[in-house]
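Reader: I would like to practise reading a model with you, one feature at a time. Could we take a case and start with a single pair of side chains?

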Amino acid sequence: MPVSPKLPPVAKTAKGQDRRVGVELEFAGLSVEQTVDLLLDAFGGEAEKIDAHRTILRHEEWGEATVELDLQYVHGNSGAEGTADSSSSLFRDFELPDDWRGPLGDALTGLVPVEIVFPPIPWSSLGALDDVFALLRRHGALGTRESAFYAFGLHLNVEVATGAPEEILRVLQAYLLLSENLRDAVAVDITRRILPHTAHFPESYARRILSPDYPADLETMIDDYLEMNPTRNRELDMLPLFTHLAPERVRSRITDVLIKPRPTYHYRLPNADLGDPDWSAVTEWNRWVTVEELAADPERLGAAIVSFRAARQAGFSGRLRRLFGVE
C-alpha cells in the first residue's frame, strides 16, 4: 500500500518554496536503451541520446532526467550531472579511444548498474515516482538484494532549508546520532557494507562534531570535514553542499571532478530495494525525516548528544579498566 511522504519540520526554503529532493536509482536487468523505451512508452516525453550509454529524457512535468550506465569512463567527455561511480578511477591513467567506449559499456551492462538521475522535485511529490519504480520492477529491473554482486543504492539529494551553518551543524549532529538506527532500518546490504560507498563516519569525527562547544561556523565545519572525510564515500556525503557554499575552500583540498556542487544533503545509505513491491523513494525519505526531526528539536538533540558522549566515555573507560585489570 502506498505510503505518503512525511512532512519535514521545515517544509519550505527560505524563499518560501517547497523544498525539493533529487533521486538517483541504480539497478540491473535492463539496458539504458530498454529503460528509456519503457519510460517513453509509459510517460511520454522526448529523448536525446548523448552517447551509447547515456540519454537525457525531457518531460513536461518531471523536467530533465538522465538514464545512463553508471560508469564515467564509458561516457568520455559527454558529461552528465549524475554519473559518479568511483570505479571509473580504475581507468583514469588510461586513454581509451572514443569508439571503444560504446562496446565497453555493452560488455559491462549487467555488471555496472544503470542509473536514473531524476530532476529535483518537491518533497510532497515523491510518491509520483512510485509508478516509475513499479514499471521498472514489472519489466525485470533488479535491485540490491537480487544478487550478492549488486551493491546498488538509492540516493536522495535533499535540498537544505536555509543553508545556514546552524542548520547544517544540527543536521550533521542528528545524523551521526541516528546513523546506527538508520542502518538497522534500511538493513544495509552486506555487499554495500563491505564496499566503501556508504562508509561510516570515523569515530573521531563524531566525537569532534558532537563536542559540547563545537561552533556553528561554516569554515570550521568544512575544514574538519575535509580533514577527516576527504572522500565522497560517506553514508551522508556533505561535499556537494560544502562545494556549493565554499567552492574554493573545498577545491583547494579535493580535486575529484565527480563532486558536483549542490545545495543538498547527499544521503547515500539506502539500498535500491526494487525487489520489495512496498519499497519506494518515499520509504527512504520518511527515514531521512527522522534526522531532520531530531535536528529541529534543540532539547532532544542536546540530550541525545549528552547521552552519546556519556556512553562513549563509559565504553572508553571500561576498555581502559579491562586493559589494566581493574574492575
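Author: Gladly! Let us begin with Arg 300 and Asp 297, which form a salt bridge whose closest N and O atoms are 3.8 Å apart. Please keep in mind that this is a predicted model.

Reader: Why does that pair count as a salt bridge at 3.8 Å?

Author: The general idea is a distance cut-off: a side-chain nitrogen of Lys or Arg has to lie within 4 Å of a carboxyl oxygen of Asp or Glu. Arg 300 and Asp 297, at 3.8 Å, therefore qualify.

Reader: Are Arg 300 and Asp 297 buried, partly exposed or exposed?

Author: Partly exposed, in both cases: Arg 300 has 44% relative accessibility, and Asp 297 has 30%.

Reader: How many salt bridges does the structure hold?

Author: There are 18. A good one to look at next joins the side chains of Arg 58 and Glu 48, with 2.8 Å from N to O. This pair links distant parts of the chain, since Arg 58 sits in strand β3 (residues 54–59) and Glu 48 in strand β2 (residues 46–51), 10 residues apart. Arg 58 is partly exposed at 33%, and Glu 48 is also partly exposed, at 35%.

Reader: Which residues are linked in a network of salt bridges?

Author: Glu 48, Arg 58 and Glu 64 make up such a network.

Reader: What about a salt bridge between helices?

Author: Try Arg 208 and Glu 227, whose side chains meet in a salt bridge of 3.2 Å, N to O. Arg 208 belongs to helix α6 (residues 203–209) and Glu 227 to helix α7 (residues 218–228), so this pair, 19 residues apart, links distant parts of the chain. Arg 208 is partly exposed, with a relative accessible area of 29%.

Reader: What lies in the loop between α6 and α7?

Author: Ser 211 is found there. Its side chain reaches the backbone oxygen of Arg 208 at 2.8 Å. Ser 211 is buried, with a relative accessible area of 17%.

Reader: Where can I find a buried arginine?

Author: Look at Arg 232, in the loop between α7 and β8 (236–237). With 7% relative accessibility, Arg 232 counts as buried. The side chains of Arg 232 and Asp 256 are joined by a polar contact of 3.1 Å. Arg 232 and Ala 199 are 33 residues apart along the chain, and their C-alpha atoms are separated by 9.5 Å.

Reader: How should I read the two sides of a helix?

Author: The general idea comes from helix geometry. An α-helix has 3.6 residues a turn, so residues three or four places apart point the same way. Now take helix α3 (residues 130–138), where Val 132, Phe 133, Leu 135 and Leu 136 are buried. These residues are on the same side of α3, because they cover an arc of only 160° around the axis. The face turned away from that buried side carries the exposed residues Asp 131 and Arg 138.

Reader: Which elements do the buried residues of α3 pack against?

Author: They pack against β1 (20–27), α1 (32–43), β5 (114–117), β7 (154–159) and α10 (281–295). Just after α3, you can also spot Gly 140 with a positive phi of about 100°.

Reader: Could you show me a contact between residues far apart in sequence?

Author: Val 160 is a nice case, in the loop between β7 and α4 (165–186). Val 160 and Tyr 265 are 105 residues apart along the chain, yet their C-alpha atoms are separated by 6.8 Å. Leaving out residues up to four places away in sequence, Val 160 touches Thr 13, Arg 19, Glu 167, Leu 241, Pro 263, Thr 264 and Tyr 265. Val 160 is buried, at 8% relative accessibility.

Reader: And how do I step back to the whole protein?

Author: The protein has 11 helices and 9 strands. Buried residues make up 50% of its 327 residues. Of the contacts with a separation of 6 or more, 73% come from residues 24 or more positions apart. The accessible surface is about 15600 Å², and 54% of this belongs to carbon and sulfur atoms.

Reader: Where is the pLDDT below 50?

Author: The mean pLDDT of the protein is 87, and 83% of residues reach 70 or more. Over residues 78–94, however, the pLDDT is below 50, and this stretch has 42 contacts in the model beyond near neighbours in sequence. Where pLDDT is low, the predicted coordinates should not be read in detail.

Key:
Residues are numbered from 1 along each chain as its sequence is written. This is a predicted model: local features need pLDDT of at least 70, side-chain atom pairs count only at pLDDT 80 or more; totals for chains, interfaces and linings use all residues. Side-chain values use heavy atoms; hydrogens and water are left out. Helices (H or I, at least four residues) and strands (E, at least two) are DSSP runs, numbered from the N terminus. Buried means under 20% relative accessible area, exposed over 50%, partly exposed in between (1.4 Å probe, protein chains only). pLDDT is the predictor's confidence in each residue, from 0 to 100. Contact means heavy atoms within 4.5 Å. A polar contact is a pair of N or O atoms within 3.5 Å; within protein, one must be able to donate a hydrogen and the other to accept it, and residues adjacent in sequence count only if both atoms are side-chain atoms. Accessible areas come from the Shrake-Rupley method with a 1.4 Å probe; for residues, only the protein chains shown count as cover. The arc is that of the directions from the helix axis to the C-beta atoms.
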